[in-house]
Amino acid sequence: MQFTDSDLDRLMLLLEWRRDVRHFRPDPIPDQALRHLERAMALAPSVGNSRPWRVVRVQSAELRQAAQAEFRRCNADAATLYHGERLRHYDRLKLEGMETAPLQLAVFSLEDPETGHGLGRQTMPQTLLQSTAMAIFSIWLAARAQNLGVGMVSILDPNRIEAILQRPAGWRFAAWLCIGHPTFDDDTPLLHREGWQENDESDWEIL
Ligand SMILES: Cc1cc2nc3c(=O)[nH]c(=O)nc-3n(C[C@H](O)[C@H](O)[C@H](O)COP(=O)(O)O)c2cc1C
């Protein structure tokens, strides 16, 4: 397979317009789109080809509400880190789209999978979580290529989410993904736009 400059141009556009989305329309996403997301995740790299990610599609209103309550609790705790104007700014930020996102995925990462037979992770056990993060990013790009948005929610207590969703031992909660049609597109991160944290041009160094 040979890619062309126009493929690169499209990929760069996709990356520029891939944003963390927290404002969703509630209309459902087509089954075909969902299949593309599953396929994109299955194509992700993983340490030792261990494919440690596990996904729960959370459709139950009761479970979604329990997760939202967890977000509110953890977000209130997180706010205690800030004071004064920073706190007022933090309180104004929208940091999840759990109320309206039509598709919500709880992504887990296996702590010690049989798959891969331990290859590649003996000195860096965090490579399992890194693998799951890459699979999440694959979903993110595949969603954007279908004009969908993804919002990643990490302001949650992993132990509590594991208890709410009652997954087997060894499944560690990695992220909650809100997915749906965004109410607006942007090529600039919301946290940058809202003055919380600007994007630097480059983090690379040369030695
Ligand atoms: C590991 C991870 C966890 C994140 N958790 C949250 C979160 O809990 N709430 C939120 O609003 N955004 C969350 N984000 C999105 C980031 O805020 C966002 O990626 C960053 O501000 C840059 O914006 P962009 O994704 O639009 O480029 C998370 C992103 C990552 C990679």
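Let me begin with a term: a residue counts as exposed when its relative accessible area is over 50%, as buried when that area is under 20%, and as partly exposed in between. Arg92, at 57% relative accessibility, therefore counts as exposed. Please keep in mind throughout that this is a predicted model.

Arg92 leads directly to the salt bridges. The count comes to twelve salt bridges, and I shall discuss several of them. Arg92 pairs with Glu85 through their side chains, with an N to O distance of 3.8 Å. Glu85 has a relative accessibility of 47%, so this residue is classed as partly exposed.

A second pair is Asp112 and Arg121, whose side chains meet in a salt bridge at 3.1 Å, N to O. Is each partner buried or exposed? Asp112 is exposed, because its relative accessible area is 61%. Arg121 has a relative accessibility of 12% and therefore counts as buried.

The third pair is Arg193 with Asp186, where the closest N and O atoms are 2.6 Å apart. Here Arg193 is partly exposed, because its relative accessibility is 49%. Asp186 is buried, since its relative accessible area is 11%.

Let me stay with Asp186 for a moment. Where does this residue sit in the fold? Asp186 belongs to the loop between β4, residues 171-180, and α7, residues 190-193. Which groups does its side chain meet? One is the side chain of Arg193, in a polar contact of 2.6 Å. Another is the backbone nitrogen of Thr188, which lies 3.2 Å from a polar atom of the Asp186 side chain.

Beyond these pairs, there is also a network of salt bridges, which links Glu70, Arg73, Asp157 and Arg160.

I now turn to the ligand. The residues around the ligand are Arg18, Arg19, Asp20, Arg22, Leu95, Met152, Val153, Ser154, Ile155, Pro189 and Leu191. Three polar approaches deserve attention. In Arg22, a side-chain N or O atom is 3.1 Å from an oxygen atom of the ligand. Leu95 places a backbone N or O atom 2.9 Å from a ligand nitrogen. Met152 likewise has a backbone N or O atom at 3.3 Å from a nitrogen atom of the ligand. How much of the ligand does the protein cover? On its own, the ligand has 610 Å² of accessible area, and the protein covers 71% of this.

Next, the surface. A nonpolar patch is formed there by Leu8, Leu11, Met12, Leu15 and Phe137, which together have about 400 Å² of accessible area. Which element gives the most to this patch? The answer is helix α1, residues 5-17, with four residues. Leu11 is found in that helix. With a relative accessibility of 38%, Leu11 falls between the two cut-offs and so counts as partly exposed.

Finally, the annotation. An unreviewed UniProt entry lists residues 16-181 as "domain: Nitroreductase". Across residues 16-181, the chain is 41% helix and 17% strand. The C-alpha atoms at the two ends of this range are 17 Å apart.

To close, I return to one residue. Asp186 is buried, as its relative accessible area is 11%, and its salt-bridge partner is Arg193.

Notes. Residues are numbered from 1 along each chain as its sequence is written. This is a predicted model: local features need pLDDT of at least 70, side-chain atom pairs count only at pLDDT 80 or more; totals for chains, interfaces and linings use all residues. Side-chain values use heavy atoms; hydrogens and water are left out. UniProt positions are given in the numbering used here, feature names are shortened, and annotations may be inferred rather than shown by experiment. Patches are made of residues with over 30% relative accessible area and no salt bridge: like charges are joined within 9 Å, nonpolar side chains (Val, Leu, Ile, Met, Phe, Trp, Tyr) within 5 Å. Accessible areas come from the Shrake-Rupley method with a 1.4 Å probe; for residues, only the protein chains shown count as cover. A salt bridge is a side-chain nitrogen of Lys or Arg within 4 Å of a carboxyl oxygen of Asp or Glu. Buried means under 20% relative accessible area, exposed over 50%, partly exposed in between (1.4 Å probe, protein chains only). A residue is near a molecule or strand if one of its heavy atoms lies within 4 Å of it. A polar contact is a pair of N or O atoms within 3.5 Å; within protein, one must be able to donate a hydrogen and the other to accept it, and residues adjacent in sequence count only if both atoms are side-chain atoms.
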